[in-house]
Amino acid sequence: MVNLNFVKPGLIKGIPASKRALDLLLVIPGLLIISPLIGLIAFLVRQFIGTPILFKQIRPGYQGKLFGVYKFRSMREAYDVEGRPLPDEQRLTKFGRFLRSASLDELPELVNILRGEMSLVGPRPLLVQYLERYSSEQARRHEVLPGLTGWAQVNGRNNLNWEEKFRLDVWYVDHWSPSLDLKILCMTLWKVIRREGISQAGQATAEEFMGSPLDPPGK
């Protein structure tokens, strides 16, 4: 059964205070520095894609509790003759593709970090329906706050298959430290500059996770 409890913003019990302190130490001045860039991106999204400028998706976070994650829009509204949304690769605009390749579409998630719903570093927040498809080992990725970037993102990102991503997520859960977070942040900057692992070959977004056939859900 999918957990329909929503996380309350703020400091979450069980999250190390040092991790929260590092997030705030970096995010608060960072937002002040990049606020002109955020304003420019918002203007360009409105010009090239339209409104709303942001979109909000419900995702599971710490302990599977749900929260609304914010991103800049990168896709236009487009439907087929039967009123169904066109595939992602057809709705993704040229400007939206640039935002994704530079990871600029994820800047609004800094607000989620300020609210205590996310951290700078942690497993990426995925779709709600995946909660019922994880094995018990894979579900351990929710033992920490989801992150803007993570160990899987700097070790292949969308060039990895789901099992590889989840193994790296769980490795992070077991080996977290402030120094590891700083290492991942430095590696992330390099990956963003080189635009590595943005999407799988031939796909605009990651292929949907349907569960591991060798690792049944909850086992």
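Thr188 lies in helix H6, and this residue offers a convenient point of entry into the predicted model. With a relative accessible area of 16%, Thr188 is buried, because the threshold for burial is set at under 20%. When its neighbours within four places in sequence are left aside, the contacts of Thr188 are with Thr149 and Val154.

The setting of this residue is best seen against the whole chain. The protein chain contains 6 helices and 4 strands, and from the N terminus these elements follow the order α-β-β-α-α-α-β-β-α-α. Of its 219 residues, 47% count as buried. Among contacts between residues at least 6 apart in sequence, 73% join residues that are at least 24 apart.

Confidence should be considered before any detail is read. The mean pLDDT of the protein chain is 86, and 83% of the residues reach 70 or more. Among the elements, strand S3 (residues 119-121) has the highest mean pLDDT, at 97, whereas helix H2 (residues 88-91) has the lowest, at 74. Where pLDDT is low, the predicted coordinates should not be read in detail.

Following the chain from its N-terminal part, one meets a cis peptide bond between Thr51 and Pro52, with omega at about -5 degrees. Pro52 is found in the loop between H1 and S1. Strand S1 (residues 54-60) then pairs with strand S2 (residues 66-72) in the antiparallel sense, over 7 bridges; Phe55 stands opposite Lys71 of S2. The two strands, S1 and S2, form a hairpin with 5 residues between them. Within that turn is Gln63, whose phi is near 60 degrees, a positive value in a residue other than glycine. Gln63 has a relative accessible area of 49% and is therefore partly exposed, as the exposed class begins over 50%.

A second positive phi occurs further along, just after helix H3. In H3 (residues 94-101), the buried residues are Phe95, Gly96, Leu99, Arg100 and Ser101. Their cover includes helix H1 (17-48), S2 and H6. The residue with the positive phi is Ser103, at about 60 degrees, although Ser103 is not a glycine. Ser103 is located in the loop between H3 and helix H4 (109-114). At 14% relative accessibility, Ser103 counts as buried, whereas Gln63, in the loop between S1 and S2, is partly exposed.

The account now turns to helix H5 and its packing partner. Glu164 lies in H5 (residues 162-175) and, at 29% relative accessibility, counts as partly exposed. Glu164 and Ala152 are separated by 12 residues in sequence, and their C-alpha atoms are 8.0 Å apart.

H5 packs against helix H6 (residues 178-194) at an angle of about 140 degrees, with the two axes 9 Å apart. This angle makes H5 oblique to H6, since roughly antiparallel applies to angles over 145 degrees. From H5, the contact draws on Trp171, Tyr172 and His175, and from H6 on Leu180, Asp181 and Ile184. By class, these comprise 4 nonpolar, 1 polar and 1 charged residues. H6 thus enters the description in several places: the helix packs with H5, contributes to the cover of the buried residues of H3, and holds the buried residue Thr188.

Conventions: Residues are numbered from 1 along each chain as its sequence is written. This is a predicted model: local features need pLDDT of at least 70, side-chain atom pairs count only at pLDDT 80 or more; totals for chains, interfaces and linings use all residues. Side-chain values use heavy atoms; hydrogens and water are left out. Buried means under 20% relative accessible area, exposed over 50%, partly exposed in between (1.4 Å probe, protein chains only). pLDDT is the predictor's confidence in each residue, from 0 to 100. Axes are lines fitted to C-alpha atoms, for helices over the stretch in contact, and angles run from 0 to 180 degrees between N-to-C directions. Angles under 35 degrees count as roughly parallel, over 145 as roughly antiparallel, 65 to 115 as roughly perpendicular and the rest as oblique. Contact means heavy atoms within 4.5 Å. Ala, Val, Leu, Ile, Met, Phe, Trp, Tyr, Cys and Pro count as nonpolar, Asp, Glu, Lys and Arg as charged, and the others, Gly among them, as polar. Two strands pair if DSSP finds at least two bridges between them.
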